[in-house]
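Work through the exercises below with the sequence and the model open side by side. Each task is followed by a solution in steps.

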Amino acid sequence: MIIEKFKSHLKTKYLYWLSFLLPALIFASYFIYRNQEILTVDLGQQYIDFLSFYKNNLFSNPLNLVYTLSSGLGNSFIGTWAYYLTSPFNLLLFLFSNSHLPEAILLIISLKVGSIGLSSFYYFQKFFTGDNKIFALAASLAFSLSGFVISYNLNLMWLDGLILLPLLLDSIDKLFVPKKHYFYLIGITFLLWFTNFYTGFMTLFFGLLYFISKLINYSFSKKKIISQYFIKSFLGTTLAACVLLPTFFEILNGKIHSDTSLSMGMQFSPYQVFYKLTIGAFNFTEMEKGLPNIFLTSLFTLLCLLYFINQKISLKEKITSAILLIFLFFSFSFNPLVLFWHLGQYPVWYPARFSFIFSFYAIYLGVQVLAHTKQFDFLSKLACVILVICLGIFLFLNIHQKEFLNQTNIILTILFFLCSLLIILFFNYKWIPVIFFGLVGLEVSINLLASLDNISYQKNYDYSNFTKNVSESINYLHKYDSGPYRTEKTFTRSDNDPLSNNYYGISNFNSISNRSIINLVEYLGLENNDNSFTNNYATPLSDSILGVKYNIVPIKNRRNLPEKEQVVFTSAFYRPDLITNKVVKSFKQLQIRQNSTALPLLFVSPTHKKTKFYPSMPATNQNLLFDNITGKKTNLFNSLYLTNPTKIQNVKPTKNLNEYKKIKGKQTSAIIFNISSFQKGPYYLELPSNLDEKTTSVVVNGHSLNNQDLGISTKLLNIGYYSANTSIKIIFYLNNKNINLNGVRVLQFRQSNFNKIIHQFNKRQPVTQQTSPITLTIDYKAKNKQILNSTIPYSSNWLLLDNGKVLKKQKFAHTFLSAQLKKGYHHITLIYIPITFIIGILISIMSLNFILVFRPKKD
């Protein structure tokens, strides 16, 4: 009985199964062949850490998804959760162990690709009857493995928008039929906002444009339809207020502050978009700053053109469709439209993130042609012949314009266009639907191979080894010291290592970042860019100020282990200034060292002076901040400017002070300084940002320094821990024709002076207790008026209670939470209350009640 029902189900629904399984299996097969290695770029260096954090906390400690000290110095996690983690597919992570997260992610992305095929087939099949539904299957395969999906699949949080796009158009179509579908548009609107508000905005805006085009071509009364569309869209949006409202305010606090200059120009010549019709039109360069990914197969490219000369489609429909398609096309390059589609920000990497909409709409127009055509007329055939010839000439004439425009890719593209042309010419042949589907399937498969073979992927065992070894150290540390403190490493796999390895750190990589924190770490000389920062280029002073109580360092003999067991780093920094720190525990590959001078996260200062930071003066800024904290006036750095080299090799001075020029280009050029150390302690080379690895390679006493990414401000590079009167040899090798050494100086940190001050200061500090991810407490008896300071980032969501009464918040060092304390005993509680999140939940509940109460009785 069950078997018969299953056979009957397969007989009627097999195309639905194929629409899901084919793209999912084609996509997954490629990575299964590559040993399930799917981690690359942001997926391996950012998203996997968010997913790991989500998996480790959703059910065991959900308050961490509200606020966590593992996100940079501490931040709300609601916006991050809303952008990266709300997809229901992510629940599949709980079926896998942490060491097998790469395989879990491969499964999730493959299922999403399959779901794109299923939802688009569900939409396209309604335009066909009988055996012609195979055209809908071909269209769904073309979209589910389109250029956008192949290129940007690693941004797995965006794929839900592609699943829901066909359903959004279907829900809009159903507004124009008498039957009621009350929940349909509401539900799809909610899911688009909820699963990823970024692609949700893009998809819903396109839905509005599509709705307007339908209205123009609809001949009946429009008033009721318009009201239904806007009311249902509004209800779906308010239903998602629980994520939209807090995320909106977090974006206001962070990324929206980055500089965006509006110009009326074009980012590139629009005709270049047609390069992307070729097979294999993707590589790392295209990922960073390339062209829109609009590959949709040769057949649907031709059919999109034929839509506008098809005699069975009305002129009004052609005009509205042409306007919409042209608008989408110029949105790729016209700056104001680029900004609009990307929520007011130019994309950093991954350009034209809405290109999936263009591909879908072009395929949709092709589907309309297939649904209205049994045989193509002479004009249509002639147009296709001309298009194929013109495209072939265009591509060969521009073969050197892009890396991916090689002879093999162009020939493959032309061959597929010729095969597509044959299908158009002999469209009345009875096996054409099957051949049509086979050609689409073959083309998307070859494009997948040709595109993804240009990308390199990380080894899964590198991720597993790293997380296993770091987690071993962190788990020990949690037992050794249960208090709230920060931990850092002298090496990284990802800037989000604290999230995936369950510790409070400094490093952070997030599209939704707190701008004030980024500004502070830049002033302190730590590594940073627009949306990430790390503890690289740290000093004992910056570590202590920011509460870094423990550092994890690699053990040198780890290289003796088998390759598949070794911890592999993305970057490692030389920190001999940690040599005096106590060794807490040594493991097979890593070692924990304790910083006895670290400040607690909450501390009491005698004064509250305004801190004025100076650009590109990290040592000065660290010293100023320390003085503000302790109420002392100190000079913790001895300095020596490097102005007179001991020896120069193949260079000569220029007219400008401290600037040198190569004499013979092919020979090694070097500028050498020999100095003696001043006092015992750690030494640093203060390098201006222009002296990165593109300009110079720096070697100190035989050790090569890491000056790979100095960013836009001066950094402090640790060059050793020396006794007094030790010889220090510093060599600058020229990697360019010219080098300017102005501003370069050697700094010696006066550690003994610092230790005396900080140990005395820390003795008077209260013990900080953390009772939950969103609450901290201290008990303190003030002998006079003092300042409660912290290195917890300021937020209006923090509530400070002093003996049960609300304490007025202030901002310390332009960044951190602070408050004034009166004389007497204080029991202080910090509670993080996400006000906008709570308001958003209330709005969502009210919206849900309204939807249920006023729903039609017979829906």
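The exercises cover pockets, cavities, ring contacts, strands and one helix residue in this predicted model.

**Exercise 1. Describe the largest pocket by volume, lining and contributing elements.**

Step 1. The volume of the largest pocket is about 1100 Å³.
Step 2. Its lining takes in 37 residues, and nearest the centre lie Gln45, Asp495, Phe509, Asn529 and Ser532.
Step 3. At least two lining residues come from each of helix H2 (41-57) and strand S6 (532-533). H2 gives the most, 5 residues.
Step 4. Sorted by class, the lining of the largest pocket holds 12 nonpolar, 16 polar and 9 charged residues.

**Exercise 2. Describe the second largest pocket in the same terms.**

Step 1. This pocket has about 790 Å³ of space. The lining residues closest to its centre are Asp481, Ser482, Gly483, Pro484 and Tyr485, out of 37 that line the second largest pocket.
Step 2. H2, helix H20 (460-480) and strand S24 (769-772) each supply at least two residues of this lining. S24 has the largest share, with 4 residues.
Step 3. The class count for the second largest pocket is 14 nonpolar, 21 polar and 2 charged residues.

**Exercise 3. How many cavities of 30 Å³ or more does the structure hold, and what lines the largest and the second largest?**

Step 1. The structure holds 6 such cavities.
Step 2. The largest cavity contains about 100 Å³ of space. Its lining is made up of Tyr537, Ala538, Phe573, Tyr574, Arg575, Leu705, Asn706, Leu716, Leu717 and Asn718. By class this gives 7 nonpolar, 2 polar and 1 charged residues.
Step 3. The second largest cavity contains about 60 Å³. Among the residues lining the second largest cavity are Gly147, Ser151, Lys276, Asn447 and Ser451. Two elements give two or more residues to this lining: helix H6 (147-152) and helix H19 (432-452).
Step 4. The lining of the second largest cavity has 4 nonpolar, 6 polar and 1 charged residues.

**Exercise 4. Classify the aromatic pair of tryptophan 158 and tyrosine 350, and say which parts of the chain the pair ties together.**

Step 1. A search of the whole structure gives 83 aromatic pairs. In the pair of tryptophan 158 and tyrosine 350, the centres are 6.1 Å apart and the planes are at 90 degrees, an edge-to-face arrangement.
Step 2. Tryptophan 158 belongs to the loop between H6 and helix H7 (159-173), and tyrosine 350 to the loop between helix H15 (335-341) and helix H16 (355-372), so the pair ties together parts 192 residues apart in sequence.
Step 3. Tryptophan 158 and tyrosine 350 are both buried.

**Exercise 5. Is phenylalanine 205 buried or exposed, and what kind of pair does it form with phenylalanine 327?**

Step 1. The ring centres of phenylalanine 205 and phenylalanine 327 are 6.5 Å apart and the planes are at 55 degrees, so the pair is tilted.
Step 2. Phenylalanine 205 is in helix H9 (residues 197-216) and phenylalanine 327 in helix H14 (residues 315-331), 122 residues apart.
Step 3. The relative accessibility of phenylalanine 205 is 17%. Buried means under 20%, so phenylalanine 205 counts as buried.
Step 4. Phenylalanine 327, with a relative accessible area of 27%, is partly exposed.

**Exercise 6. Which strands pair with strand S27 (residues 798-802)?**

Step 1. S27 pairs with strand S31 (residues 824-832) in the antiparallel sense over 5 bridges. Aspartate 802 has isoleucine 828 as its bridge partner in S31.
Step 2. S27 is also joined to strand S28 (residues 805-807), by 3 bridges, and the two run antiparallel. The bridge partner of leucine 801 in S28 is valine 806.
Step 3. S27 and S28 form a hairpin with 2 residues between them, and asparagine 803 in the turn has a positive phi of about 55 degrees.
Step 4. In S27, 4 of its 5 residues are buried.

**Exercise 7. Place glutamate 443 and state its burial.**

Step 1. Glutamate 443 is part of helix H19.
Step 2. Its relative accessible area is 1%, so glutamate 443 is buried.
Step 3. The C-alpha atoms of glutamate 443 and valine 385 are separated by 19 Å, with the residues 58 apart along the chain.

Notes. Residues are numbered from 1 along each chain as its sequence is written. This is a predicted model: local features need pLDDT of at least 70, side-chain atom pairs count only at pLDDT 80 or more; totals for chains, interfaces and linings use all residues. Side-chain values use heavy atoms; hydrogens and water are left out. On a 1 Å grid over the protein atoms alone, a cavity is a set of points where a 1.4 Å probe fits but cannot get out, and a pocket is an open set with protein on both sides within 12 Å along at least five of seven lines; lining residues have an atom within 4 Å of a point. Grid points are joined across faces, edges and corners, and a volume is the space filled by probe spheres set on the points. Ala, Val, Leu, Ile, Met, Phe, Trp, Tyr, Cys and Pro count as nonpolar, Asp, Glu, Lys and Arg as charged, and the others, Gly among them, as polar. Rings of Phe, Tyr and Trp (its six-membered ring) pair if their centres lie within 6.5 Å; planes under 30 degrees apart count as stacked, over 60 as edge-to-face and the rest as tilted. Buried means under 20% relative accessible area, exposed over 50%, partly exposed in between (1.4 Å probe, protein chains only). Two strands pair if DSSP finds at least two bridges between them.
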